[in-house]
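I sat down with this one to see what the coordinates would tell me. These are my notes, in the order I looked things up.

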Amino acid sequence: MAAILLRTTPRVAAVLPRSVPLCSGGHLARFLGGVSIACNTGDAPAEFLPWHNGGGILHKAASVDPTVVVEAGAVVHSGAVLAKEVVVGSGAVIGPSVSIGQSTRIGYNVVLSNCSVGEFCTIHNGACIGQDGFGFFVDEEGKVKKKPQIGSWRETVIGDHTKIDNLVQIGHNVVIGKCCMICGQVGIAGSATLGDYVTLGGRVAIRDHVSIVSKVRLAANSSVTKDIQEPGDYGGFPAVPINEWRRQTANLRLLSKKDGAK
């Protein structure tokens, strides 16, 4: 999921106290977010340094406020910017050039890359944001090839105060407004646009390039195949206004009873 949240974080100066040794022993080798780093106490400067507050490790080119907590086992890569009072949980990986706003909490084993996280956010354990998009094609020889996910026409944005449940897939270039609620197992295909105060019930599916206006609620298991241009409640496959969906369901039940009586 190539997610880029609203960038509101000013850059802050990195503070790496000289009293902290570069390595706890003569040689330290760690696997840091997919990059194996060897650190020793010779004349060569270490690329990653222990952080004084929490026991995690930071790249020397990261910009981190002194109030930030980076717990043991967490890694912050080059160019990352962490504002004051951010907490990064154990096992989390903050990728290169990622920025995180004030007082945001990053849970255990979270992976952030190619993204900007706003202020006062909570990213729960195990979430992955900003990963490579799901793009493939079949070549002339019938082989499935990876399609480079570069040159996207817009950023992927999740608005303020939006809440996202477990097992949700948000595709590339998706824009989600503020104060939306997205329940478990929802799938939103690439380049879809959701307005503000949209609620998606469990297992709702939204096709690519669809637009949904603000203040729409979709019943569980609904599938959106075309634009929704009027606020209200919708349901069914394809999704229609909720009262129409209820009539369709009732009519199908009556027809099945008639067929059974023959």
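**Loop residues with positive phi**

I started with N173, which comes out as buried at 5% relative accessibility. The model is a predicted one, so I keep that in mind throughout. N173 belongs to the loop between strand 21 (169–170) and strand 22 (175–176). I checked its backbone too: phi of N173 is near 65°, positive even though the residue is not glycine.

Next I pulled up R203, another non-glycine with a positive phi, about 65°. R203 is in the loop between strand 26 (199–200) and strand 27 (205–206). Buried or exposed, then, for R203? At 54% relative accessibility, R203 counts as exposed. The cut-offs I used put buried under 20% and exposed over 50%, so N173 at 5% falls in the buried class and R203 at 54% in the exposed one.

**Whole chain**

I then stepped back for the totals. The chain has one helix and 32 strands. Of its 262 residues, 39% are buried. About 14600 Å² of the chain is exposed, and carbon and sulfur atoms supply 54% of that area. I also looked at contact range: among contacts with a separation of 6 or more, 16% are between residues 24 or more positions apart.

**Sheet with strands 3 to 16**

I traced an open sheet of six strands with mixed pairing, in the order 3-4-7-10-13-16. Strand 3 (48–50) and strand 16 (128–129) are at the edges; each has a single partner strand, so one side of each has no neighbour in the sheet.

At the strand 3 edge, I found three bridges to strand 4 (residues 57–59), and the two strands run antiparallel. L49 has L58 of strand 4 as its bridge partner. P50 also lies in strand 3, and it is partly exposed with a relative accessible area of 27%. I took one distance from there: the C-alpha atoms of P50 and V70 are 9.5 Å apart, with their positions 20 residues apart along the chain.

**I94 and the cores**

Which residues have the most contacts inside the largest nonpolar core? I got L82, V88, I94, I106 and L112, in a core of 24 residues. There is a second, separate core of 23 residues, and V186, I188, V198 and V224 are among its members.

I picked I94 for a closer look. I94 sits in strand 10 (residues 93–94) and is buried, with a relative accessible area of 0%. Leaving out neighbours within four places in sequence, I94 is in contact with V75, V76, H77, A80, L82, V88, I100, I106 and L112. I also noted the C-alpha to C-alpha distance from I94 to L82, which is 9.5 Å for residues 12 apart in sequence.

**Sheet with strands 20 to 32**

My second sheet is open too, with six strands in the order 20-23-26-29-31-32 and mixed pairing. Its edges are strand 20 (163–164) and strand 32, each pairing on one side only.

I spent some time on strand 31. Strand 29 (residues 216–218) and strand 31 (residues 232–235) run parallel and are joined by three bridges. Along that pairing, V216 stands opposite G232, and L218 has Y234 as its bridge partner. Towards strand 32 (residues 240–241), strand 31 pairs in the antiparallel sense over two bridges. Y234 turns up again here, opposite P241 in strand 32.

The hairpin of strand 31 and strand 32 has four residues between the strands, and G236 there takes a positive phi near 95°. P238 is also in the loop between these two strands. I checked omega and found the peptide bond from F237 to P238 to be cis, near -5°.

**Rings**

Last, I searched for aromatic pairs and got one. F134 and F136 make that pair, edge-to-face, with 5.0 Å centre to centre and 70° between the planes. F134 is exposed, with a relative accessible area of 74%, while F136 is partly exposed at 42%. What sits over the ring of F136? I found the charged end of K146 there, 4.7 Å from the ring centre.

Definitions and conventions:
Residues numbered from 1 in each chain as written. Predicted model: local features only at pLDDT ≥ 70, side-chain atom pairs only at ≥ 80, totals over all residues. Heavy atoms only, no water. Pairing = 2+ DSSP bridges. Buried < 20%, exposed > 50% of the residue type's maximum accessible area, 1.4 Å probe, protein only. Contact = heavy atoms within 4.5 Å. Areas by Shrake-Rupley, 256 points an atom, 1.4 Å probe, with all protein chains shown as cover. Phe/Tyr/Trp six-rings, centres within 6.5 Å; stacked < 30°, edge-to-face > 60°. Lys NZ or Arg CZ within 6 Å of the ring centre and 35° of its normal. Core = buried A, V, L, I, M, F, W, Y, C linked by side-chain atoms within 4.5 Å.
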